[in-house]
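Work through the exercises below with the sequence and the structure side by side, and try each task before you read its solution.

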Amino acid sequence: MKIIVPMAGRGSRLRPHTLTVPKPLIPVAGKSIVHRLVEDIAKILKEPIEEVAFILGDEAFFGEDVVTSLEDLAKGLGAKASIYRQDQPLGTGHAIMCAKESLSGPAVIAYADTLIRADFELDPEADAVIWVKQVEQPEAFGVVKLNQNNEIIELVEKPKEFVSDLAVIGIYYFKEVGILRNELQNVLDNNIQNGGEYQINDGIKAMMANGKVFKTGSVDEWMDCGNKDVTVETNTRMLGFLHNDGEHLVDYGVTLENSTIIPPCYIGENVVLKNTTIGPNVSLGKGCHVTDSTIKDSLIQTYSQIKNANLDNAMIGNHVSYDGKFTSISIGDYAVLE
């Protein structure tokens, strides 16, 4: 089994956090989005992963440190890491075809801006599976249309009239991904575009037209990481799941001085808390120092200095110096203070 992970986008909706860090590498509950996604998919599949292919953007943004972390991720699964580049943002179908040398055999394709919780078996009768989640406002999503045999016969993007309430979450299984590769090659060769881009859906629709059977797979939880608010909410939900699973989330070396941690929280190594209450639902990355503060329902990355703060629903990046009693400030592009 292979896992194909397109992750070339810069994530403009998560600025300023994605000005220097690719969105898939933003940490949620102490681990990057792409690491959580790939490890969770591998766990769900319950079979050996032979290769993980990552499609990255330009080297200036997705540098050698990113490549090394992804190679370590694949190695941890006992798999080969393949690194490909998408130099132009020409759509999901184009991104997948940047990894065409890896597009053979059974494979899962998963976009690295979402997290899931699920437990399922692959349908042996299906040529492909598209994972979906029931949603309350299907008009805001791409949805699937089913026939009487519960096979997918159509993909509809943001339907104005009700088609179904099963939203496509961006994770797909193909029994033979080479068939998708061939259909996407046809899409590229014939310049078939939607919205100025080459889309995976056009390859999927061609497979359906040729009689390939698509089934749905369902997930228990679907967590988006598209913007600040939903990423903080995803962090909260993931902390709850991990806490209930019995995972140890607080580093044993945390320094506590007149401070309290209210679970669930993730606290990284070499964190120092003084006269502070943390939690519930807070992730603090390694090397953070927090003094005279109260923080809940927030996500703070690494090596940040926080003092005199009362934070709720906050997202703070790396190497930030924040004083809640500030009088002199220096704020860069895209920063938000509310």
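**Exercise 1.** Find which residues Asn281 is in contact with, leaving aside its neighbours within four places in sequence, and decide whether Asn281 is buried or exposed.

Solution. Begin with the contacts, where contact means heavy atoms within 4.5 Å: leaving aside neighbours within four places in sequence, Asn281 touches Asn235, Thr236, Leu239, Ile262, Pro264, Cys265, Lys296, Asp297 and Ser298. Next, locate Asn281 in the loop between strand 18 (277-278) and strand 19 (282-284); helices (H or I, at least four residues) and strands (E, at least two) are DSSP runs, numbered from the N terminus. Finally, Asn281 counts as buried because its relative accessible area is 14%, given that buried means under 20%, exposed over 50% and partly exposed in between, with a 1.4 Å probe and protein chains only.

A word on the source: this is a predicted model, in which local features need pLDDT of at least 70 and side-chain atom pairs count only at pLDDT 80 or more, while totals for chains, interfaces and linings use all residues. Residues are numbered from 1 along each chain as its sequence is written, and side-chain values use heavy atoms, with hydrogens and water left out.

**Exercise 2.** Find where the cis peptide bonds from Pro263 to Pro264 and between Gly279 and Pro280 lie.

Solution. Recall that most peptide bonds are trans. The bond from Pro263 to Pro264 is cis, with omega near 0 degrees, and Pro264 sits in the loop between strand 15 (260-261) and strand 16 (265-267). The bond that joins Gly279 and Pro280 is also cis, with omega about 0 degrees, and Pro280 belongs to the loop between strand 18 and strand 19.

**Exercise 3.** State what the phi values of Asn191 and Asp292 are, and then give the exposure of Asn191 and of Asp292.

Solution. Start from the rule that most residues other than glycine have a negative phi. Asn191, in the loop between helix 4 (177-189) and helix 5 (200-209), has a positive phi near 55 degrees, and Asn191 is partly exposed because its relative accessible area is 46%. Asp292, in the loop between strand 20 (289-291) and strand 21 (294-296), has a positive phi of about 50 degrees although it is not a glycine, and Asp292 counts as partly exposed because its relative accessibility is 38%.

**Exercise 4.** Locate Asp87 and decide whether Asp87 is buried or exposed.

Solution. Asp87 is found in the loop between strand 5 (80-85) and helix 3 (92-97). With a relative accessibility of 63%, Asp87 therefore counts as exposed.
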